[in-house]
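Trainee: I would like to go through this model with you and learn how each label is justified by the values behind it.

Mentor: Gladly; let us look at it together and take the labels in turn.

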Amino acid sequence: MQFIDINAMLGEWTPKNLFLRTADEMEQEMKRVGIEKAYVMDTKAWLSELTAGNNAAVQAAKEHSMLSPVMVMTPLLEQEFGGREGAVEFICKNRIVAVRLFPRDHGYTLNPWNIDKLFTLLSDLRMPVLIDEMEHTGGLESYDELYHLCCEYPDVPIVLLTPGYRSARMIYPMMEKCKNFHIDTSLLIAYRAVEEIVACFGAEHILFGTRMPYLEPGTFVGRILYADISQEDKEKIAYGNIDSLNRQIRYPY
Amino acid sequence: MAQQIFERAMKGEIFPELRIIDAHCHLGTGHEFYHAPADIDQMIREADSMGVEKLCIAPEAGIECDYKYGNELMLDSIRRYPNRVYGYLCLNPFHEDEIEEMFDTYYPVEQVVGVKIHPSGHRARIDCEGYRKIFQQVEKRGGFVLSHTWGDFDPFCNLTLCEEVMGRFPKVSFILAHSGGTVESVKKAIRLVNAYPNIYLDTCGFDITEHCINELVDQCPFEKIIFGTDFPYHDLRYGMTRILFADLDDSQKAGLLHENFANLLKKNPKK
């Protein structure tokens with residue numbers, strides 16, 4: 001069974017202790033545990049310099065066929081991305097596969113008044129948006145914001161990364177109400193969370209993601225291999241859902 | 001490096017021949033967050049599905065407000081599955097006058113192997129008088145202590161406090177549950193297991209950090225690493241795949257999954 005990992009990072013890390021540091025090492029580990037492709041951002045785009053980090057992710061993907069580039073964005077399209085046209089050009093030229101947001105660490109909110117221009121663009125592109133529940137400065141400010149985002153922009157697949165094992169009372173009702181709300185498998189470790197979500201809300205809500213190299217990827221490969229769900233649902237989670245979202249992206253050129 | 005376990009795990013096989021013991025389990029549900037219900041029948045079914053021979057349980061109730069109810073659940077589980085379940089006696093340090101009676105009631109049961117304490121859950125510092133009395137009982141009666149631990153900001157069982165206390169009871173073996181939990185505390189936990197013969201650590205719950213299993217194996221005395229999953233807080237499958245899919249050889253995986261805890265039991269029998 002093939003796996004596509006929606007949640008991977010390259011680059012340096014403040015606390016340092018990552019078990020793999022380069023794209024070559026990442027590809028080696030991916031081959032070891034059976035991950036065929038990884039969506040990667042560069043940590044500079046998150047923790048240092050946005051443009052440099054996005055360029056680094058693109059460059060890594062150009063040099064490593066198992067990697068696909070993720071772009072970190074903020075609400076300031078004009079000032080930080082050359083306007084809507086500049087952002088679209090970067091996305092199309094480099095075949096960006098997802099956009100990742102860090103609202104707490106980058107100092108903005110997910111309220112529509114703040115991110116409407118960005119999300120209008122992402123909605124036009126049908127671009128998957130990845131939002132971390134594990135930023136440096138803390139978890140999501142508010143699941144309310146996330147819910148309103150899902151309702152306001154139903155054409156944007158919104159993926160909450162690393163929701164953790166304590167979030168069921170928030171994310172279950174969210175999945176029930178919002179077809180475009182997804183989570184990844186990193187730290188989806190509560191007892192039978194995978195099985196329950198599949199049974200109650202559908203396997204379409206879960207995307208395979210490992211948060212490597214922050215977390216050990218093989219663990220999550222195994223979690224799906226051993227999951228008490230049908231083979232069809234395993235394949236959806238492992239690669240089918242991500243593949244489907246990717247095919248829906250509307251690159252203007 | 002022998003990698004048959006990994007290759008078989010990639011096919012979804014299970015490993016009953018390894019006689020896996022999960023040294024850190026609970027039972028039932030708690031209040032802080034939702035997970036799927038797990039009575040002992042369900043837990044044994046899950047254990048069977050993953051080839052796990054024994055579960056060592058401290059019911060969630062035992063580390064929350066009604067520790068006696070938790071111990072009743074633990075004993076009931078042992079009675080129903082005497083060959084599959086080990087139990088931890090759960091104790092609330094604020095009920096000092098009940099400590100000896102709890103030991104008298106539960107410690108004679110063969111499958112009760114030690115004590116589980118949860119200072120954060122009971123909101124009691126690990127260096128309080130009640131815990132001191134509990135450790136004195138373990139010193140006298142044998143067994144060992146599995147203690148919840150967490151990061152520096154935890155006022156009840158951060159590793160600085162744990163070191164002070166555990167250093168004062170060198171004849172009592174302590175397992176640092178969650179290995180300190182946070183990025184910095186796992187580093188401390190590694191230092192403690194190297195420095196103190198009576199301190200061990202387990203493999204669950206510090207998953208949120210970037211420390212991986214290989215790092216523990218490289219930096220700790222191997223026999224001090226105890227396999228535990230925190231089942232059913234965490235899914236048993238996840239806890240196991242952390243070992244099965246690690247970049248270790250088969251003998252190391254076998255050691256982690258069975259031998260290390262089996263040897264800990266032999267070294268810490270009840271008297």
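Trainee: How many residues does the contact take from chain A and from chain B?

Mentor: Bearing in mind that this is a predicted model, the contact takes 34 residues from chain A and 41 residues from chain B. The area buried between the two chains is about 3,200 Å², and carbon and sulfur atoms give 57% of that area.

Trainee: Why are α11(A) and α10(B) called oblique to each other?

Mentor: Helix α11 (residues 217–225) of chain A packs against helix α10 (residues 236–244) of chain B at an angle of about 135°, and their axes are 8 Å apart. Angles over 145 degrees count as roughly antiparallel and those from 65 to 115 as roughly perpendicular, with oblique kept for the rest once angles under 35 are also set aside; α11(A) and α10(B) are therefore oblique. The crossing of α11(A) with α10(B) is right-handed.

Trainee: Which residues make that contact, and how do they divide by class?

Mentor: From α11(A) come A:Thr219, A:Phe220, A:Gly222 and A:Arg223, while α10(B) contributes B:Arg237, B:Tyr238, B:Thr241 and B:Arg242. By class, the contact of α11(A) with α10(B) has 2 nonpolar, 3 polar and 3 charged residues.

Trainee: What makes the pair A:Glu195 and B:Arg237 a salt bridge?

Mentor: The closest N and O atoms of A:Glu195 and B:Arg237 are 3.4 Å apart, and the rule asks for a side-chain nitrogen of Lys or Arg within 4 Å of a carboxyl oxygen of Asp or Glu, so the pair qualifies. Between chain A and chain B the count is 5 salt bridges, and over all chains the count comes to 32.

Trainee: How do you know that A:Arg100 and A:Asp132 form a salt bridge, and where in the chain do they lie?

Mentor: Their closest N and O atoms are 2.9 Å apart, which again satisfies the limit of 4 Å. The pair links distant parts of the chain, since A:Arg100 lies in strand β4 (residues 98–101) of chain A and A:Asp132 in strand β5 (residues 129–132) of chain A, 32 residues apart.

Trainee: What makes up the contact of α4(B) with α6(B), by class?

Mentor: The axes of helix α4 (residues 99–106) of chain B and helix α6 (residues 129–141) of chain B come within 10 Å and cross at roughly 35°, and α4(B) passes α6(B) in a right-handed crossing. The residues of this contact divide into 4 nonpolar, 2 polar and 5 charged.

Technical notes:
Residues are numbered from 1 along each chain as its sequence is written. Chains are lettered from A and ligands numbered from 1 in the order in which they are written. This is a predicted model: local features need pLDDT of at least 70, side-chain atom pairs count only at pLDDT 80 or more; totals for chains, interfaces and linings use all residues. Side-chain values use heavy atoms; hydrogens and water are left out. Axes are lines fitted to C-alpha atoms, for helices over the stretch in contact, and angles run from 0 to 180 degrees between N-to-C directions. Helices (H or I, at least four residues) and strands (E, at least two) are DSSP runs, numbered from the N terminus. A crossing is left-handed if the near helix is turned anticlockwise from the far one by less than a right angle, and right-handed if clockwise. Contact means heavy atoms within 4.5 Å. Ala, Val, Leu, Ile, Met, Phe, Trp, Tyr, Cys and Pro count as nonpolar, Asp, Glu, Lys and Arg as charged, and the others, Gly among them, as polar. Buried area is the accessible area (1.4 Å probe) that two parts lose on being put together, summed over both.
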